[in-house]
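Q: I have just opened this entry and would like some help finding my way around. Could we go through it together?
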Amino acid sequence: MKPENKQVPNEWFRWTEKDVKAAEVVSRPSLSYWSDAWYRLIKNKLAMLGMFFLVIVVFLAIFGPIISPYEVTKMDQPNQFHPPSKDHWFGTDQHGRDVFTRTWYGARVSLFVGLMAALIDFCIGIIYGGIAGYKGGRVDNIMMRIVEVLYGIPYLLVVILLLVIMEPSLTTIIIALTVTGWVGMARIVRGQVLQIKNYEFVLASKSFGTNTSRIIRRNLIPNTMGPIIVQLTLTVPSAIFAEAFLSFLGLGIQSPYASWGTMASDSLGAILSGHWWTLFFPAFFISFTMFAFNVLGDGLQDALDPKLRK
Amino acid sequence: MLRYILKRFLTMIVTIWIIVTITFVLMISIPGSPLNEERGTSESVQRNLESYYNLDQPYHIQYILYLKSIVTLDFGPSIKQPNQTVNDLLGQGFPISFELGMVTILVALLSGVTLGIIAALKHNGFIDYMAMSVAVLGISIPNFVLSTLLIQQLAVNLNLLPPATWASPLHMVLPVAALATGPMAIIARLTRSTMLEVLTQDYIKMARAKGLSPWKIVIKHALKNALMPVITIIGTLLAGILTGTFVIEKIFAIPGMGRYFVESINQRDYPVIMGTTVFYSVFLVVMLFLVDIIYGLLDPRIKLHKKEGE
Amino acid sequence: MEKILEVKDLHVHFSTYGGIVQAVRGVSFHLYKGETLAIVGESGCGKSVTSNAIMKLIPSPPGRLVRGKIQFHDKQLTELSEKEMRSIRGVDISMIFQDPMTALNPTLTIGTQLMEGLKQHKKISSLEAREKALEMLELVGIPNPDERLKQYPHQFSGGMRQRIVIAIALICEPELLIADEPTTALDVTIQAQILELFEKIQRETGVSIILITHDLGVVAKVADRVAVMYAGKLIEEGDKREIFYHPQHPYTKGLLKSVPRLDATEAELTPIDGTPPDLFSPPKGCPFAPRCPMAMEVCLRKYPKTKSLTTTHKVDCWLQDKRAKKLLASSSRK
Ligand SMILES: Nc1ncnc2c1ncn2[C@@H]1O[C@H](COP(=O)(O)OP(=O)(O)OP(=O)(O)O)[C@@H](O)[C@H]1O
Ligand code: SF4
Ligand SMILES: [Mg+2]
């Protein structure tokens with residue numbers, strides 16, 4: 001026997017069985033788009049940190065006010081400006097109200113405003129952008145002209161105007177924030193719908209060895225859903241931010257109720273007199289929620305971006 | 001190009017018209033309108049209001065006359081400050097606000113673009129992470145909180161800088177820093193991501209294949225393309241900065257238009273609120289228009305840029 | 001004939017989220033002066049990576065040239081510094097990319113883009129550079145070159161842009177031109193024109209060309225020799241007639257099924273059932289085995305040695321083994 005034949009024994013020269021062959025296909029389980037995106041997202045430490053933080057904030061927003069023995073609006077003037085202690089974990093404010101309770105109550109309000117604004121933007125945007133993109137032609141042209149005009153209107157000025165006229169409340173704030181807020185989403189949705197319509201073009205593209213369902217799964221869904229999800233993630237913090245800004249102008253949730261924004265802007269003076277905790281807690285949680293949503297949005301953008309796949 | 005300018009111009013006019021119409025509708029629909037119902041407004045104020053809004057006329061005449069006064073840049077009287085018109089207030093306050101806004105956008109652009117480019121070139125390096133962490137923090141802190149912290153730390157505690165007013169360049173440092181942080185962060189993030197995107201483009205590969213040096217590739221091929229999207233968001237950033245001046249001017253006691261505006265909101269001085277909103281909206285819409293024109297001049301593909309949507 | 005390029009045992013890896021992609025796994029080939037070598041293969045088999053590696057343009061990170069030698073004349077490109085490499089790129093070796101729509105910088109005039117390589121590498125006055133640019137535009141068949149120099153890429157059609165890209169690649173008179181799917185993004189008539197342009201240029205300048213393509217019609221038209229790649233390996237190589245008339249590797253045969261004849265012009269490779277293996281953990285045996293109608297036990301266990309059939313024709317397949325021939329003779333595969 002030649003040495004070569006020793007390494008490669010004769011008995012290896014026989015046809016393989018079909019099923020053996022299938023079993024031998026060494027191939028990474030072809031991940032679906034979503035599990036692949038998810039996989040890439042959880043590899044992104046910063047995005048995971050953001051997600052983790054949001055879970056905690058939501059958890060405390062739900063249970064914080066419940067576990068606290070104090071009431072949100074209960075004033076206790078003699079107990080004014082208690083620094084954080086065993087009784088009052090986050091201290092008390094200028095009316096002796098428990099900052100811990102108010103922070104988590106405020107979290108509910110701020111998160112609710114953010115989530116509702118995002119949800120409403122999403123619904124209107126999907127319908128409007130969907131119709132424009134789907135109908136195309138003249139309808140699209142006119143609808144997009146309208147969007148272009150609305151897009152030019154300074155968003156916060158309109159919100160201010162509306163809230164000056166309508167008395168600020170949870171409902172009116174959300175309405176004001178969404179009156180022109182949906183425009184951005186509508187634009188994105190329309191663009192994505194146009195892409196879907198173009199997909200026959202994708203099918204006709206010359207890349208050989210790729211089949212239809214693969215193109216839909218690999219190219220179409222990622223290309224279309226990605227930007228919408230990302231936009232959704234970024235609408236929440238910007239609405240929370242806008243509410244905080246409105247609070248500063250006195251157009252936020254009205255006292256005695258609180259959002260993070262009203263708490264922070266009510267406490268701006270207190271920090272100069274040394275009562276840092278009244279500002280610190282609401283401001284800290286606004287900032288970190290913003291941070292969390294932003295890094296999560298970035299992470300999603302990377303994870304969902306079809307260009308970065310492979 | 002001319003057609004493009006014309007089209008944008010028409011869009012702008014329609015946008016302005018819509019804003020003016022909205023304010024008119026809101027004005028006449030204010031519950032317990034200050035225009036009819038008096039809450040301690042003096043006789044002379046009442047007369048001013050009547051003559052400006054032509055309250056004795058039917059609505060459609062009122063509307064036309066209102067449009068006319070806007071076209072002639074007459075924004076009406078104030079209720080709370082007798083003998084002052086919105087034009088008077090604008091004359092005193094706007095130059096200061098304008099200065100604050102312009103210095104801010106310049107600072108934000110210079111620092112943001114620099115940070116973004118460095119971060120992109122050192123992609124995934126230490127500098128990149130640092131710059132982007134700072135940037136994310138920058139967009140996470142509400143500017144009223146940031147201003148208060150800056151005053152408390154740098155002005156009160158360390159006594160490095162004057163805490164308030166608008167008297168000298170040194171006085172500008174804190175308010176501009178507070179106002180520029182957000183836009184700077186946005187610009188830095190955008191510059192970084194477009195720069196990274198541009199660096200993966202085929203024409204960059206092509207430039208490398210020509211044997212150009214990395215430095216030349218960045219300056220000549222990447223920079224301009226990467227900065228184009230930055231130009232497009234300047235309009236939006238200006239809107240943000242402008243609304244930001246409301247906050248900053250109030251906190252830093254800067255006698256600009258923003259401060260008057262916040263006061264008039266608190267006092268529900270409707271004509272001032274409306275007049276300022278209209279003025280600012282027009283200002284922003286015009287700025288947006290100018291930015292678009294500049295973009296059109298810089299981008300040789302202008303006919304395409306609407307379609308690409310990238 | 002003089003060899004101007006010799007690639008030996010090239011390995012290129014990319015580290016990604018999912019692990020290390022072994023994109024190119026031991027590719028060797030060479031190129032003679034003045035000839036056209038076509039590299040064909042399914043999407044993702046490593047053609048572009050191979051050609052980028054020759055230019056040392058693998059993005060790093062994530063990419064890394066792990067092993068292998070690339071000899072250009074007497075220079076070892078793998079050992080050159082980035083700076084030395086720069087004096088070769090565009091001057092001695094040039095490259096053309098697939099999509100002419102994206103290969104030109106949209107914000108610079110084509111004149112600038114044409115001349116900058118020239119100005120970078122040759123001591124030359126602006127006037128001379130312009131002359132040369134005009135000459136190149138003429139060579140690639142752009143009418144009114146004088147005016148065209150001042151225009152921007154979006155003012156040209158796809159075919160015109162590809163001509164300009166070719167002009168840019170050739171302006172410093174390189175010896176080797178690597179064209180990565182230069183016609184894939186163009187429609188059929190334009191494709192034919194561009195291919196004719198290649199032939200013309202080769203006749204006039206004697207440039208050697210590595211042509212990467214999906215399109216066997218293109219191969220039939222312009223190639224002298226053909227290399228077939230599969231899953232990061234070069235599995236068969238031969239001159240055009242050998243590959244078209246006597247393909248040995250089952251993969252090559254599969255590819256050719258739809259285009260049995262050399263004179264067929266516009267035919268796409270038809271997909272073969274199944275998908276190529278994952279390059280994260282490539283099989284230790286023949287990567288084509290799961291899709292191969294002739295697969296044997298041995299194919300799953302060990303990668304076949306390269307066998308030379310003629311001086312030009314080489315193939316990596318166990319069917320070349322005597323024992324496989326015996327097996328073939330004794331039993332016919334269903
Ligand atoms: N920058 C990169 N990062 C990670 N993996 C990469 C990178 N570039 C290429 N690869 C991997 O290398 C493999 C070969 O890619 P290559 O671009 O060479 O394929 P190709 O044969 O040119 O295909 P096509 O015909 O589609 O152009 C692919 O599997 C791809 O996933
Ligand atoms: S080595 Fe085996 S599996 Fe691979 S091509 Fe040849 S016969 Fe088919
Ligand atoms: Mg390729």
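A: The turns below discuss a ligand site and then an interface between two chains.

Q: What kind of model is this?
A: This is a predicted model.

Q: How many residues surround ligand 1, and which are the closest?
A: Ligand 1 is surrounded by 16 residues. The closest are Ser43(C), Gly44(C), Lys47(C), Ser48(C) and Val49(C).

Q: Why is the site described as shared between chains?
A: The residues around ligand 1 come from chains A and C, so the site is shared between these chains.

Q: Which polar side-chain atoms lie by an oxygen atom of ligand 1?
A: One belongs to Ser48(C), 2.6 Å from an oxygen atom of ligand 1, and another belongs to Lys47(C), at 2.9 Å from an oxygen atom of the ligand. In addition, a polar backbone atom of Gly46(C) is 3.1 Å from an oxygen atom of ligand 1.

Q: And how much of ligand 1 does the protein bury?
A: Ligand 1 exposes 630 Å² when taken alone, and the protein buries 76% of that.

Q: Changing topic, how many residues are in contact between chain B and chain A?
A: On chain B there are 43 residues in contact with 37 residues of chain A. The two chains bury about 3,500 Å² between them, with 77% of it on carbon and sulfur atoms.

Q: Which side chains meet in a salt bridge there?
A: Arg189(B) and Asp298(A) do, with an N to O distance of 3.0 Å. The count between chain B and chain A is 1 salt bridge.

Definitions and conventions: Residues numbered from 1 in each chain as written. Chains lettered and ligands numbered in written order. Predicted model: local features only at pLDDT ≥ 70, side-chain atom pairs only at ≥ 80, totals over all residues. Heavy atoms only, no water. Near = heavy atom within 4 Å. Polar contact = N/O pair within 3.5 Å; in protein donor to acceptor, adjacent residues only side chain to side chain. Areas by Shrake-Rupley, 256 points an atom, 1.4 Å probe, with all protein chains shown as cover. Contact = heavy atoms within 4.5 Å. Buried area = accessible area lost by both parts, 1.4 Å probe. Salt bridge = Lys/Arg side-chain N within 4 Å of Asp/Glu carboxyl O.
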